[in-house]
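Work through the exercises below with the sequence and the model at hand. Try each task before reading its solution.

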Amino acid sequence: MPPLILVKGLLLIIPATLLLLLVLPARRWRLPVAIVAGVVLAFSLTTSLPSGILAYTVSFATMGCVYALLTLGLNIQWGYTGHLNFGVAGFFAIGAFTSALMTVEAPTGIAAQYTQMAFGLGLPFLVGVAAAALVSAVVAFLVAVPVLRLRMDFLAIATIGVAEIIRLIFQNERWLANGPQPLRGIPQPLHCVVETQGCAWLPQWVTAVLDPLSPRDYPLFYLVIISLFVAGAYLLIERACRSPWGRMLRAIRDEEASAAMNGKHITYVRIQSFVVGAVIMGIAGALYAHYVVTIDYSHFHALFATFLVWVMLMLGGSGNNRGAIIGGFIVWGVWSGTAFLANAIEPLLALIADDLPRRAAYFRWLLVALLLAAIVLFRPQGLIREEKLVSRYLRK
Amino acid sequence: MLLCSKTLAQGHLWGDGMTTQATEDEGLHNKTSRSSGALLLEVQGLVRDFDSLRALDGADLSVREGTITGLIGPNGAGKTTLFNVVTGFHLAQAGRVIFNGKDITNLPPHRVFQHGLCRTFQIPREHQSLSVLENLMLIPPGQQGERLFNTWFRPGAVRRQELANRDKALEVLEFVELDHLHDEYARNLSGGQKKLLELARTLMTDPQLVLLDEPGAGVNPTLMHRLTDNIRYLNRERGITFLVIEHDMDLIMSLCDPVVVMSEGRQLMTGSPEEVRRNPRVLEAYLGGQYAAVEG
């Protein structure tokens with residue numbers, strides 16, 4: 001086995017195992033089976049797939065992870081608390097731009113005329129992610145205080161308005177984050193591992209093992225990072241939700257008046273859940289920014305960053321964190337898959353009318369809409385329904 | 001057999017010295033203690049408008065400790081609005097609510113609860129997607145696991161409290177004889193069972209006063225008996241005071257003393273069930289003037 005494929009396989013073990021842990025049922029044999037199957041899956045993928053297809057799979061999985069985080073955040077808000085938040089894109093954008101501003105070095109000299117930004121601190125990746133979480137939390141709190149007085153459809157309209165305002169700010173305020181122009185050069189964390197000289201602080205033998213990797217293989221390394229983030233977020237959220245905290249959220253979602261009469265501070269809890277959900281979305285934004293390296297306002301349209309996330313949560317199962325992640329991957333798969341489909345049916349469309357093939361892209365939205373209609377009609381509870389027992393301490 | 005298990009449960013639930021008393025004559029009323037307790041809840045001149053409709057028009061009410069006070073009146077008299085204002089769901093525009101010597105006027109519901117005042121709703125408001133057991137486990141105040149920090153970093157403390165709350169909830173369920181349904185979704189209970197669940201919820205804390213809004217509405221006679229037995233038992237053995245809105249006169253007459261009559265947002269009179277039954281003004285309020293005249 002060539003050393004490059006061996007190293008790729010080794011790296012791929014981590015996301016493959018995590019994915020299997022998520023999918024397999026909770027039995028005693030889950031961990032060993034997931035590890036063994038993860039190793040087999042990782043090496044069979046790296047050995048059998050041509051490198052182009054493997055790279056596509058990796059980028060697909062990375063974006064799947066970004067969407068999985070967004071869906072997890074929305075699940076706390078909608079699935080557990082019943083906040084009809086149509087402003088996912090806003091917090092996604094805030095996370096992405098905050099982390100970018102924190103980690104990019106402010107340009108100097110001639111470059112400063114082309115790239116304007118409020119500040120560029122050149123701080124490490126993890127500081128950027130933490131700042132994204134913090135700023136999302138602050139904005140979510142400021143939004144929540146007035147807006148969460150509203151319920152259901154009114155809340156939906158207010159939040160979509162907030163998200164649009166946020167996007168338009170990043171579109172028009174040049175001084176903030178380079179206005180309508182893209183903000184480039186967002187650093188990739190631990191990029192040194194794929195460079196020829198390796199990271200100075202890593203032990204010699206690790207550098208030697210990772211030596212076959214070239215900068216082209218960096219996305220695979222990033223997939224490992226982001227999948228660990230998703231796993232960590234899932235564990236923390238699951239712990240919080242499967243405890244009296246989650247029970248309180250569900251109780252408030254079901255019947256506010258009676259939760260209030262039983263001593264729960266409704267306003268406080270509703271704001272808290274909104275903020276926690278927004279923090280997860282902000283982190284998703286930061287991880288997205290460091291993955292794509294170049295961001296601009298157009299990445300944060302409601303269609304991609306809000307409504308697709310909603311379809312993911314509806315499909316996976318509102319109120320179930322495992323369902324949220326799985327729904328994220330499935331809908332992202334449908335979305336990516338229909339790109340090929342749209343290409344494939346172009347000749348067919350050309351037979352109907354000359355200008356139809358140009359509009360084949362919209363065919364994808366049609367399919368997503370049909371998917372949403374099918375979910376609502378035939379499986380409103382989603383693929384994995386909400387569990388009856390909330391508290392994990394009550395499990396036998 | 002059923003009786004045995006119930007007595008056992010009560011012994012567990014209400015602690016020392018209660019078990020012996022529990023088996024003694026259940027039907028005995030102690031009339032003298034009913035009107036002599038200290039003032040527990042005092043409502044003074046409450047006013048509440050809904051647009052141009054004056055739902056409460058200077059309503060007064062007092063509930064003495066240890067009583068089961070009835071609250072009756074024709075539809076639209078302002079009974080439920082009074083409950084809503086006392087428990088903080090609606091703001092009072094004038095007037096005061098004194099509970100246990102403390103002014104609780106216009107406190108939000110969760111603060112009212114902290115003072116030891118519980119209520120049930122006219123239409124049961126169960127948490128539908130939670131099991132019957134977790135509907136009860138939700139209630140105990142001061143749960144460690146309601147803080148995010150503790151759910152992540154102090155799972156041991158959360159677990160201990162959860163298991164203790166589970167045991168308590170199971171005992172309460174045994175007391176109201178719903179224990180066989182503990183794993184059922186609360187939304188799947190029958191109307192009467194939901195009313196029992198509402199009562200059970202108030203037992204998960206140590207309330208001093210429980211406001212019951214039409215506990216008997218839509219409940220079949222068998223369940224109704226269980227409900228009234230439970231109320232009497234809790235009143236006598238645990239010293240919980242009740243204020244009960246009810247339209248079923250038989251229930252009011254057999255359960256409550258004193259009875260407060262409301263009409264058009266105000267208190268009309270208060271007295272023993274006998275006095276209320278004989279008062280012509282009460283009949284007039286219920287039936288309108290002409291019928292009262294015929295009756296007289």
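Two strands pair if DSSP finds at least two bridges between them. The model used here is predicted.

**Exercise 1. The hairpin of chain B**

Task: How many bridges join strand β1 of chain B to strand β2 of chain B, and do the strands run parallel or antiparallel?

Solution.
- Step 1. Locate β1(B) at residues 39–50 and β2(B) at residues 53–64.
- Step 2. Count the bridges: nine join the two strands. The cut-off for pairing is at least two.
- Step 3. Read the direction: β1(B) and β2(B) run antiparallel.
- Step 4. Check one pair. B:R48 has B:L56 as its bridge partner in β2(B).
- Step 5. Inspect the turn. Two residues lie between the strands of this hairpin, and B:D51 in the turn has a positive phi of about 50°.

**Exercise 2. The six-stranded sheet**

Task: What is the strand order of the open sheet of six strands in chain B, and which strands are at the edges?

Solution.
- Step 1. Trace the order: β6-β7-β8-β3-β9-β10 of chain B, with mixed pairing.
- Step 2. Find the edges. β6 (117–119) and β10 (266–271) of chain B each pair on one side only.
- Step 3. Note the turn between neighbouring strands: 20° on average, direction ignored.
- Step 4. Examine one pairing. β3 (68–72) and β8 (241–245) of chain B run parallel and are joined by four bridges. Here B:I68 has B:F242 as its bridge partner in β8(B).
- Step 5. Add the helix. α13 (residues 280–287) of chain B packs on the sheet and touches β9 (259–263) and β10 of chain B. The direction of α13(B) makes about 140° with that of β10(B).

**Exercise 3. The domains of chain A**

Task: Which helix gives the most to the side of domain 1 of chain A that touches domain 2 of chain A?

Solution.
- Step 1. Set the bounds: domain 1 of chain A covers 1–48, and domain 2 covers 56–301. Their C-alpha centres are 27 Å apart.
- Step 2. Take the contacts. Ten residues of domain 1 of chain A meet 13 residues of domain 2 of chain A.
- Step 3. Assign them. Helix α1 (residues 3–23) of chain A gives the most, with nine residues.
- Step 4. Sort this side of domain 1 by class: nine nonpolar, no polar and one charged.

**Exercise 4. The chain interface**

Task: Which element supplies the largest share of the side of chain B that touches chain A?

Solution.
- Step 1. Count both sides: 32 residues of chain B contact 27 residues of chain A.
- Step 2. List the helices. α5 (109–114), α7 (148–153) and α8 (155–175) of chain B each supply at least two residues.
- Step 3. Pick the leader: α8(B), with five residues.
- Step 4. Sort the chain B side: 13 nonpolar, ten polar and nine charged residues.

How values were computed
Residues numbered from 1 in each chain as written. Chains lettered and ligands numbered in written order. Predicted model: local features only at pLDDT ≥ 70, side-chain atom pairs only at ≥ 80, totals over all residues. Contact = placed C-beta atoms within 7 Å. Nonpolar A, V, L, I, M, F, W, Y, C, P; charged D, E, K, R; others polar. Domains from an automatic or database assignment. Axes fitted to C-alpha atoms, helices over the stretch in contact; angles between N-to-C directions.
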